[in-house]
Amino acid sequence: MDSVLFRCLPHASSHTAVAGGDFCRTRHCAAISYASSYGLNASCNKRKVQNEYNLRLRKPSLNHHYKGIGGGYTFQKYDMKFVVKATSEKSFGSESQAFDPKSVSDSVKNSLDAFYRFSRPHTVIGTALSIISVSLLAVEKISDISPLFFTGVLEAVVAALFMNIYIVGLNQLSDVEIDKINKPYLPLASGEYSFGTGVAIVSSFSILSFGLSWIVGSWPLFWALFVSFVLGTAYSINVPLLRWKRFAVLAAMCILAVRAVIVQLAFFLHMQTHVYKRPPVFSRPLIFATAFMSFFSVVIALFKDIPDIEGDKVFGIQSFSVRLGQKPVFWTCVTLLEIAYGVALLVGASSPCLWSKIFTGLGHAVLAAILWYQAKSVDLKSKASITSFYMFIWKLFYAEYLLIPFVR
């Protein structure tokens, strides 16, 4: 009987045993009746009451568990929907960020800014102004300012700017290590452009420049671009017998030839012979412009090396600033410009036209005074001060080209 009891009791805790508990209790009570023991009968009654009590407790627990399973399913299903939605929103957010118009706009702005610095904008402005100014020297009467004039000027300016970008870009490709010291803000020196990117830009713009001159069919324009290409390459590229920027005189001659001679004569002849179909002439204003810009080009060639003396010393560039010192070169540049302004005053005074006398005389006098005033305030121990004055020299360069068309 004890074995019967112990066989039934362990199953009382399981759900299946609880469900079949009446059968077990029947066998248990039958065994107790057969024994006719009062103590066992009392124990059976006690266990019967307890099992009934447990059964009542377990039924709600089973129902609760069912509800829990049902509720859990419902919750899990809802939770699954929530997770999918959250993932979708995150994915959509990532895609939105990838195609964020602001990010695209910032990227475009950064690219344009890098190219702006790569093109050396002060040289771009100088090239455009010089060509427009010299082209006006070919104008003999008001009717010459026609669509034909603007077309000819546009052809020359665009082709020259393409070549300008080639020249300044090649110089940066050749001077990456030097520019890390002297001009770390340039795209190649700062790492914004790779060397391959620089080569691609330089090559593309040289091809565009020569391609446009071939389409235009102007020989003066072609020779202006070709000579600029040769001198610009010889100035910068680091191969035997070239890289003329290492030698102060050769470097100055390259800049003088392009800025003073090629720009004045070739682009004037482009307008005179190709656009207007007139015979070539060398007028008084053209001779003045060539002579004055020769002074100015020498000044630019000398002055540009003054703020770069540190890097030039490290890499063995024997500029006048390295060889003679910053102060002597600085005051030589200022003196040369003051002499040029003095000559311009004399040319203006000898002009047969009253309006030419006023514009050229007064204009050059004002520029000479401003130059002297600014020069006295430069701190030659400060690279920032010297660089600022160098950019001021370029502003004087621009101003001169505004005055040249008034020389008659």
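**Figure 1. A nonpolar patch on the surface.** A patch here is built from residues with over 30% relative accessible area and no salt bridge, and nonpolar side chains are joined when they lie within 5 Å. In this predicted model, Leu 354, Ile 358, Leu 362, Val 366 and Ile 370 make up one such nonpolar patch, covering about 470 Å². Take Leu 362 as a way in: this leucine belongs to helix α17, which runs over residues 354-376. With a relative accessibility of 56%, Leu 362 counts as exposed, because the cut-off for that word is over 50%.

**Figure 2. Helix α17 alongside helix α18.** Here's α17 again, now with its partner α18, which spans residues 383-403. The two helices pack at an angle of about 175°, and their axes are 11 Å apart. That angle makes α17 roughly antiparallel to α18, since anything over 145 degrees counts that way. On the α17 side, the residues that meet α18 include Phe 359, Gly 363, Leu 367 and Ile 370. On the α18 side, look for Phe 389, Phe 392, Ile 393 and Leu 396, among others. Ile 370 also turns up in the nonpolar patch of the previous view.

**Figure 3. Helices α7 and α11 side by side.** How do the directions of these two helices compare, parallel or antiparallel? Helix α7 (residues 147-174) and α11 pack at about 10°, so they are roughly parallel to each other. Their axes are 9 Å apart. From α7, the residues at this meeting place include Ala 156, Ala 159, Ala 160 and Met 163. From α11, they include Leu 221, Leu 225, Phe 229 and Gly 232.

**Figure 4. Ser 236 and its surroundings.** Ser 236 sits in helix α11, which covers residues 219-236. Is this serine buried or exposed? Ser 236 is buried, because its relative accessible area is just 1%, and the limit for buried is under 20%. Setting aside neighbours within four places in sequence, Ser 236 is in contact with Ile 167, Leu 170, Asn 171, Ser 174 and Arg 243. Ile 167, Leu 170, Asn 171 and Ser 174 are also among the α7 residues that meet α11.

**Figure 5. A buried salt bridge between two loops.** Arg 243, a contact of Ser 236, pairs up with Asp 175 through a side-chain salt bridge (2.6 Å, N to O). The pair ties together distant parts of the chain: Arg 243 lies in the loop between α11 and α12, Asp 175 in the loop between α7 and α8, and they are 68 residues apart. Both Arg 243 and Asp 175 are buried.

**Figure 6. More salt bridges.** In helix α8, the side chains of Glu 177 and Lys 180 form a salt bridge (3.3 Å, N to O). These two are 3 residues apart, so about one helical turn separates them. Glu 177 counts as partly exposed at 44% relative accessibility, and Lys 180 counts as partly exposed at 42%. Elsewhere, Asp 305 and Lys 304 meet in a salt bridge at 2.9 Å, N to O, and both of them are buried. Shared partners also join Glu 140, Lys 141, Asp 144 and Arg 278 into one salt-bridge network. The count for the model comes to 10 salt bridges.

**Figure 7. Stepping back to the chain.** The chain has 18 helices and 0 strands. Of its 408 residues, 42% are buried. The accessible surface comes to about 22,600 Å², with 69% of that belonging to carbon and sulfur atoms.

Note on methods
Residues numbered from 1 in each chain as written. Predicted model: local features only at pLDDT ≥ 70, side-chain atom pairs only at ≥ 80, totals over all residues. Heavy atoms only, no water. Patch = residues over 30% accessible without salt bridge, like charges linked within 9 Å, V, L, I, M, F, W, Y side chains within 5 Å. Areas by Shrake-Rupley, 256 points an atom, 1.4 Å probe, with all protein chains shown as cover. Salt bridge = Lys/Arg side-chain N within 4 Å of Asp/Glu carboxyl O. Helix = DSSP H or I, 4+ residues; strand = E, 2+ residues; numbered from the N terminus. Buried < 20%, exposed > 50% of the residue type's maximum accessible area, 1.4 Å probe, protein only. Contact = heavy atoms within 4.5 Å. Axes fitted to C-alpha atoms, helices over the stretch in contact; angles between N-to-C directions. Parallel < 35°, antiparallel > 145°, perpendicular 65-115°, else oblique.
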